[in-house]
Amino acid sequence: MALSDIAAGIEVTERQHEQGVAAVDDTDTSLAERLGPVADALPCPPETAATIVEAYAAGRGVGASGHAAGVAPVTAAKTLHLVGEQVTPVGPQGREVVRDWLSGDLSRTDAVTLSGLGNHEFALAVYCESHDPLPAARDAVEGALSTQREDPLGETMSDVGELL
């Protein structure tokens with residue numbers, strides 16, 4: 001039985017409306033240009049932020065990404081945080097300690113001691129807790145971070161052919 005035999009008795013009784021798919025193609029726009037609308041909220045110019053994101057997406061660490069862009073590692077960490085990357089130096093319990101300090105429930109000395117962080121790491125944790133990532137910045141770098149990054153566990157997985 002062929003496909004034409006199966007479809008022989010089918011007829012269309014309703015018309016479908018063409019809905020289409022909304023798409024935005026930013027391939028002609030550089031990453032720095034896409035970060036332009038949030039330039040005032042970034043800790044560095046959009047061109048520098050783009051260099052940080054590109055270096056980070058290529059597999060460099062936060063500090064190395066900052067050095068590639070000519071800025072301090074903390075500026076790179078702040079930039080990456082604002083574009084949606086998880087760079088906070090504390091886990092859930094440490095975040096709770098930082099929030100307690102921000103709300104005035106702990107002294108800074110106690111918060112630093114309880115978090116187990118040094119002064120620089122504590123300052124970065126405070127920044128991450130007191131500044132939300134920027135949705136527009138996250139959208140601007142989404143393709144750059146998701147397509148250039150390799151799977152860190154990729155080499156540990158077996159190929160289907162190896163299992164047969």
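Begin with the lining of the largest pocket, which by class has 3 nonpolar, 5 polar and 5 charged residues (Ala, Val, Leu, Ile, Met, Phe, Trp, Tyr, Cys and Pro count as nonpolar, Asp, Glu, Lys and Arg as charged, and the others, Gly among them, as polar). The model is a predicted one, in which local features need pLDDT of at least 70 and side-chain atom pairs count only at pLDDT 80 or more, while totals for chains, interfaces and linings use all residues. Residues are numbered from 1 along each chain as its sequence is written, and side-chain values use heavy atoms, with hydrogens and water left out.

To centre the view on this pocket, select His 81, Gln 86, Arg 95, Cys 128 and Pro 133, which lie nearest its centre among the 13 lining residues. The space in the largest pocket is about 190 Å³. On a 1 Å grid over the protein atoms alone, a pocket is an open set of points where a 1.4 Å probe fits, with protein on both sides within 12 Å along at least five of seven lines, and lining residues have an atom within 4 Å of a point.

Next, select helix 6 (residues 92–102) and helix 8 (residues 119–130), whose axes, lines fitted to C-alpha atoms over the stretch in contact, come within 10 Å and cross at roughly 80°. Helix 6 and helix 8 are therefore roughly perpendicular to each other (65 to 115 degrees counts as such). Here Arg 95, Val 98, Arg 99, Trp 101 and Leu 102 of helix 6 meet Phe 122, Ala 125, Val 126, Glu 129 and Ser 130 of helix 8, contact meaning heavy atoms within 4.5 Å.

Move then to helix 4 (residues 62–69) and helix 5 (residues 73–82), which pack at an angle of about 105° with their axes 7 Å apart. That makes helix 4 roughly perpendicular to helix 5. The residues to display are Val 62, Gly 63, Gly 66 and His 67 of helix 4, together with Pro 73, Ala 76, Ala 77 and Leu 80 of helix 5; this contact has 5 nonpolar, 3 polar and no charged residues.

Finally, keep helix 4 and add helix 3 (residues 46–57), the two packing at about 140° with their axes 8 Å apart. On the helix 3 side, the contact is made by Thr 48, Thr 51, Ile 52, Ala 55 and Tyr 56.

Methods
Axes are lines fitted to C-alpha atoms, for helices over the stretch in contact, and angles run from 0 to 180 degrees between N-to-C directions. Helices (H or I, at least four residues) and strands (E, at least two) are DSSP runs, numbered from the N terminus. Grid points are joined across faces, edges and corners, and a volume is the space filled by probe spheres set on the points. Angles under 35 degrees count as roughly parallel, over 145 as roughly antiparallel, 65 to 115 as roughly perpendicular and the rest as oblique.
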